[in-house]
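Please find below a colleague's note on the structure under review. It is arranged as numbered points, each of which can be read against the coordinates.

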Amino acid sequence: MNGPRDWPAGGPRRRGAIRRTLPAALAFAIILGGLAYLGGDLQALIGTAPGSPRSAAATHRLYEESGPVDGRCDTLPPDPDADVGRTLRALSRCLDRMWAATLAEADLDYARPGEVRLVDRPREAACGTDDHGWAGIYCPEGRVVNVLVEEGRAFPMMFTLAHEYAHHVQEISGIADRRGSEVFDEAWSRRLELQADCLAAAALRTVGPILLREQRRWLARGGEEADGRQAESRESHGSGASSAAWMLRGQKEGTVRACNTWSAPADQVS
Ligand SMILES: [Zn+2]
């Protein structure tokens, strides 16, 4: 299974997913058709529809039992832009510490990613696909975090690293568990991705508050759409405005609880 692919926070998104997702989309269509046949309220009745406050992802004990993520990272180099690889490796160790402490508050064991792979080319990723348009990708099999390292300022890549780490936390905590009876469609993907944006902002709120704010404002202004953000990535990751709104929550509150996209109404995860 390929993991969530994520595009650059500050760059154009490229096409590529339709061909690979079409069979899955057809399967979803068949499932949705079956649900419609059985009755549209079936999901709501069994309480596992994404957006149901009773779903397993929405009622995970991490929301209630953990406090603010400790966002400090004192070991970052003084100039994060000088050697981006060094910066990302330092941030990775801080993210391990932050998430281990947060999960421990809820009596959950933290396991570091199997590997944090900083790659120059997408094909070097652990679960690389023939779609090479991403800035980061998390491979649930092997639990590998991949971040594409390119020229430029460190912060967009730091955000990508924090976002992929959030996918790792979703995976090991069971929030991203796909074995339930939910429909794992684009709406499910948007809740997963917007939660990862929120958790990334919570983790980076002390390290880069001003850069986070700049990134939020650019997203809220429709920067990605103006930059050619593809409709398909909006379908799977949510709009720039939704992303900015969830990042603001994560940055302000700093908690996993503030990032419960799974219980949010549909218009907040569009
Ligand atoms: Zn993602």
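The points below take up confidence, overall make-up, the sheet, the metal site and one loop residue.

1. Confidence. This is a predicted model, and the mean pLDDT of the protein is 83, with 77% of its residues reaching 70 or more. That confidence is lowest in helix 1 (residues 17-38), where the mean is 41, and highest in helix 4 (residues 84-105), where it is 98. Over residues 10-47 the pLDDT stays under 50, although the model still has 52 contacts for this stretch beyond four places in sequence. I would ask that any reading of those contacts be stated together with the pLDDT, which is under 50 there.

2. Overall make-up. The secondary structure comes to 10 helices and 4 strands, and along the sequence these elements follow the pattern β-α-α-α-α-β-β-β-α-α-α-α-α-α. Of the 270 residues of the protein, 51% count as buried. The exposed surface is about 12700 Å², and carbon and sulfur atoms supply 52% of it. Among contacts between residues at least 6 apart in sequence, 73% join residues at least 24 apart.

3. Sheet order and edges. The 4 strands form an open sheet with mixed pairing, in the order 1-3-4-2. Strand 1 (5-6) and strand 2 (115-119) are the edge strands, and each has a single partner strand, so one side of each is left without a neighbour in the sheet.

4. Pairing in detail. Strand 1 and strand 3 (residues 136-139) are antiparallel and pair over 2 bridges; here Arg-5 stands opposite Ile-137, while the bridge partner of Asp-6 is Gly-136. Strand 3 is in turn joined to strand 4 by 4 bridges, again in the antiparallel sense, with Gly-136 opposite Val-147 and Tyr-138 partnered by Val-145. Gly-136 therefore has a partner in strand 1 as well as in strand 4, namely Asp-6 and Val-147. The parallel pairing is that of strand 2 with strand 4, over 5 bridges, where Val-119 has Leu-148 as its bridge partner.

5. Burial of the strands, and the hairpin. How many of the residues of strand 4 are buried? The count is 5 of the 5, so strand 4 is largely enclosed by the rest of the structure. Val-144, Asn-146 and Leu-148 point one way from this strand, and Val-145 and Val-147 point the other way. In strand 3, Gly-136 and Tyr-138 point one way and Ile-137 and Cys-139 the other, and all are buried. The hairpin of strand 3 and strand 4 has 4 residues between the strands, and within this hairpin Gly-142 takes a positive phi near 85°.

6. Helix across the sheet. Helix 5 (residues 154-173) lies across strand 1, strand 2, strand 3 and strand 4 (144-148), and it runs at about 165° to strand 4.

7. Zinc site. Which protein residues are donors of the zinc ion? They are Asp-6, through two OD entries, His-163 (NE2), His-167 (NE2) and Glu-193 (OE), with the donors lying 2.0 to 2.4 Å from the ion. Along the chain these donors follow the spacing D-x156-H-x3-H-x25-E. Distant parts of the chain are linked by the pair of His-167 in helix 5 and Glu-193 in helix 6, which are 26 residues apart, and both of these residues are buried. The donor Asp-6 also takes part in the sheet, where Gly-136 is its bridge partner.

8. A loop residue. Gly-174 is placed in the loop between helix 5 and helix 6 (186-204). Is Gly-174 buried, exposed or partly exposed? Its relative accessibility is 31%, and it therefore counts as partly exposed. Gly-174 and Ala-56 are 118 residues apart in sequence, yet their C-alpha atoms are 9.0 Å apart in space.

Conventions. Residues are numbered from 1 along each chain as its sequence is written. This is a predicted model: local features need pLDDT of at least 70, side-chain atom pairs count only at pLDDT 80 or more; totals for chains, interfaces and linings use all residues. Side-chain values use heavy atoms; hydrogens and water are left out. Two strands pair if DSSP finds at least two bridges between them. Contact means heavy atoms within 4.5 Å. Axes are lines fitted to C-alpha atoms, for helices over the stretch in contact, and angles run from 0 to 180 degrees between N-to-C directions. Buried means under 20% relative accessible area, exposed over 50%, partly exposed in between (1.4 Å probe, protein chains only). pLDDT is the predictor's confidence in each residue, from 0 to 100. Donors are N, O and S atoms within 2.8 Å of the metal (3.2 Å for Na, K and Ca); water is not among the atoms, so sites may look incomplete. Accessible areas come from the Shrake-Rupley method with a 1.4 Å probe; for residues, only the protein chains shown count as cover.
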